[in-house]
Amino acid sequence: MSGQEDEYYYDRSMFFKELSQSIEKNKLSTNILFSNYLNDFKDIVQHNGLVQEEMNIVCQLLCTVDLSVQNFRRILLTLVPEEPSIPHDICEELIVWALSAYRQNVNDATKAQCILYWILYVVEEKLTNMDIIDKYYKVLFHLCNYQNLSQPVAGIIYCLTKSDDVQKWMITCCKNIIEGSKSEPYLNKLLTFFESPNLMNNTRQKGLFDCNNTFCKELACGLRSVRKELMNIHPQSTHSQQLIEYERKSSYTFYNKIQFVDVNNKFEFPSTEELAKSFIKECSSNNTLTLLGSVSGWCKLLMNNDKKLNLQQRFSNNLYHSLDQIFLSNEVNVKSSQKSKFLHEILEFQKFAHRGLAAVNIFIFQYIISWDGIENSRVIYELFEYLTFTSEEELKNSFLEKLYAIFITGDELIYRMVINSLTNLLCNLYFNSKQTRPNKNCTLFGEELREETEFEVVKCLTKYISHWCSICIYNYPQEEQLKHTVYTFFEKVSVLENLKPTIWPIWTIMPQSVFYNGLMSVNIYWLDRLSRLMLRHIKFDTNRIEDNAESPSILRMLQLFDMYMADFFNALHTGVLFDKREEGFIFKNLNEEEVEKDFKIVNLNVCFQMEKHIALAPYFMNAEHTVEDPLEDLLRVEAPNLHMLIFMLNQNLQNDSENDISTS
């Protein structure tokens, strides 16, 4: 009797609790009630679906617990969403697992095949963000040649392919696979699709790549039974339909306006620009924000500067008003997912235009005052990359000073996101300033900037980022990812400062904390990467700035760089870092008495010499007894940039000595 009561009270929450325990124990539960419920649960799910939390548990179980093929299939059949939208991270996690497991053994290959069929039906029904699956397009295509995976993969490729995706090598690859294995009709279907461009614009047929076994039929039935709902933030689909109908109705009147005039037996046709303006006037909506949702809308905004229509100004006003209501004054209550989607639409438009919107500039300058640096952080930091500034004062007062409060109180992740965002912002400002077309605008629908202003803004921003990089290294000297972000900034800025046609008189080198952190790093990678940047400075920057050597700022950079190179050479090669401290920077102000008092054990002259350097020591000791000159071979293989820089500094020193002798 008690067993019947337990069975009666065994419900959905208990089932998912045991699933979670199975993940912790890394073994599927053997409870009889659990097994019985699992058998019936498939039918329940295919009518009602799982909520997101339940889907996460099932996904984690599939990817972490070593299940038998039978249990794997039973559990995968339950992975059906309640809402017609599967979180993209679940789809991506399953794809990554399948790609990593399909070669391991027969069972894992079968499981990977099951997952790919699941992905196929998700793609057919458009139950997730297609961009997430689309980024694995080429990787998946190469699986067409892999045994049992080829059928679901061919179906996924068929659903995802756009006309621009098809290349000659893909057609050749399909033909080779078909010739190698004659019994694969689904690859024939894919090949026919690739070779027929007209089919690309048609609606893709469902079920073309279905498998006839019972499991696949049940899997397809479950996902195809998910109820269809309209899941848009704005009623854009309704608007788009209305717009299409409106265009059809008005097309006749539109084309009737085209006049063919017979002048001396010649016909004069309207210009492309006139046609575009007429078309845009006919099809413009009163709600200009709907133009954010499609590429055609972006083109209308960018192309149309008709003063009568005033489309760009209306769009800017509507955009700022909406941002103010949603994010600043909170007059309109909007879900966080809707806010994020709205910001992503704005970001994608700016990426398409390669410019920043003036309305977004104003919004960011106000929003950053109360922003915590975390909410919608990914998209906000990307929006920073497209900001523009009308003056150096606006850059400092409206943006950098407010961002600094977030930066200085943040952790290592915030440091990385800020430096990466500002680095990309600097790149965009540089590239926009280098455009040679006559009527360039640095902001969309905003004022045009003078070259002098662009130079002031770029110079100021570079100085700030360099200083913030110094703070990063000071607070997190051993964080590898943060160091990579910092080094990337200095590498990129070195390239930017040498961009033609106009090269500004700027030279940025690493601040002291960053340079000496690299020189004294325990990892040979950072020492070699530092050397590569110093080589670039010697090859490009020192010659470039000779004409500007009279500038005090450039002169200070030259002097500091000479000190860096002196310390670099004296520390690593000659072993006289402290004796020749006057030539360098790091020990310049130390006197011998202080050193004798505080450094009784450590010899500052040789502690960073290559034979004793902590980054080189492991490699050096391994090769010490096998090669006559281990250090030379070590540097050539493990640190070629370091080897080249030491050689170049040594050559320059010898040449200077010879010149001194000849002149004397």
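This report describes the fold, salt bridges, surface patch and cavities of a predicted model.

## Overall architecture

The chain has 664 residues, and 47% of them count as buried. Its secondary structure consists of 31 helices and four strands.

Among contacts between residues at least 6 apart in sequence, 71% join residues at least 24 apart. The accessible surface of the chain is about 35600 Å², and carbon and sulfur atoms account for 50% of that area.

## Salt bridges within one helix and across the chain

The model contains 20 salt bridges. One of them joins the side chains of Lys135 and Glu92, with an N to O distance of 2.6 Å. This pair links distant parts of the chain, the partners being 43 residues apart: Lys135 lies in the loop between α8 (130-134) and α9 (137-141), whereas Glu92 belongs to helix α6 (residues 88-101). Lys135 counts as exposed because its relative accessibility is 52%, the cut-off for this class being over 50%.

A salt bridge within a single helix is formed by Lys111 and Asp108, whose closest N and O atoms are 3.9 Å apart. Both residues are in helix α7 (residues 106-125), and because they are three residues apart, about one helical turn separates them. Lys111 is buried, with a relative accessible area of 2%. Asp108 is likewise buried, at 8%. Each of these assignments follows from the rule that buried means under 20% relative accessible area.

## The Arg532–Glu491 pair and a shared network

Arg532 and Glu491 form another salt bridge, in which the closest N and O atoms are 3.0 Å apart. Here too, distant parts of the chain are linked: Arg532 is located in helix α26 (residues 524-544) and Glu491 in helix α24 (residues 480-496), with their positions 41 residues apart in the numbering. The two partners fall into separate accessibility classes, since Arg532 is partly exposed at 41% relative accessible area, while Glu491 counts as buried at 18%.

Salt bridges can also share partners, and in this way Glu124, Glu125, Lys206, Asp210 and Arg224 are joined into one network.

## A nonpolar patch on the surface

Val295, Leu302 and Phe352 together make a nonpolar surface patch of about 230 Å². Of these residues, Phe352 is placed in helix α18 (residues 336-353).

Phe352 has a relative accessibility of 36% and therefore counts as partly exposed. That value also satisfies the requirement for patch residues, because they must have over 30% relative accessible area.

## Internal cavities

The structure holds two cavities of 30 Å³ or more. The second largest cavity has a volume of about 40 Å³.

Several segments of the sequence appear in the lining of the second largest cavity, which is formed by His354, Arg355, Gly356, Glu385, Tyr386, Leu387, Thr388, Leu425, Asn428, Leu429 and Asn432. Helix α22 (residues 412-433) supplies the largest share of this lining, with four residues.

Terms used
Residues numbered from 1 in each chain as written. Predicted model: local features only at pLDDT ≥ 70, side-chain atom pairs only at ≥ 80, totals over all residues. Heavy atoms only, no water. Patch = residues over 30% accessible without salt bridge, like charges linked within 9 Å, V, L, I, M, F, W, Y side chains within 5 Å. Areas by Shrake-Rupley, 256 points an atom, 1.4 Å probe, with all protein chains shown as cover. Salt bridge = Lys/Arg side-chain N within 4 Å of Asp/Glu carboxyl O. Helix = DSSP H or I, 4+ residues; strand = E, 2+ residues; numbered from the N terminus. Buried < 20%, exposed > 50% of the residue type's maximum accessible area, 1.4 Å probe, protein only. Contact = heavy atoms within 4.5 Å. 1 Å grid on protein atoms, 1.4 Å probe; cavity = no way out; pocket = protein on both sides within 12 Å on 5 of 7 lines; lining within 4 Å. Points joined across faces, edges and corners; volume = space filled by probe spheres on them.
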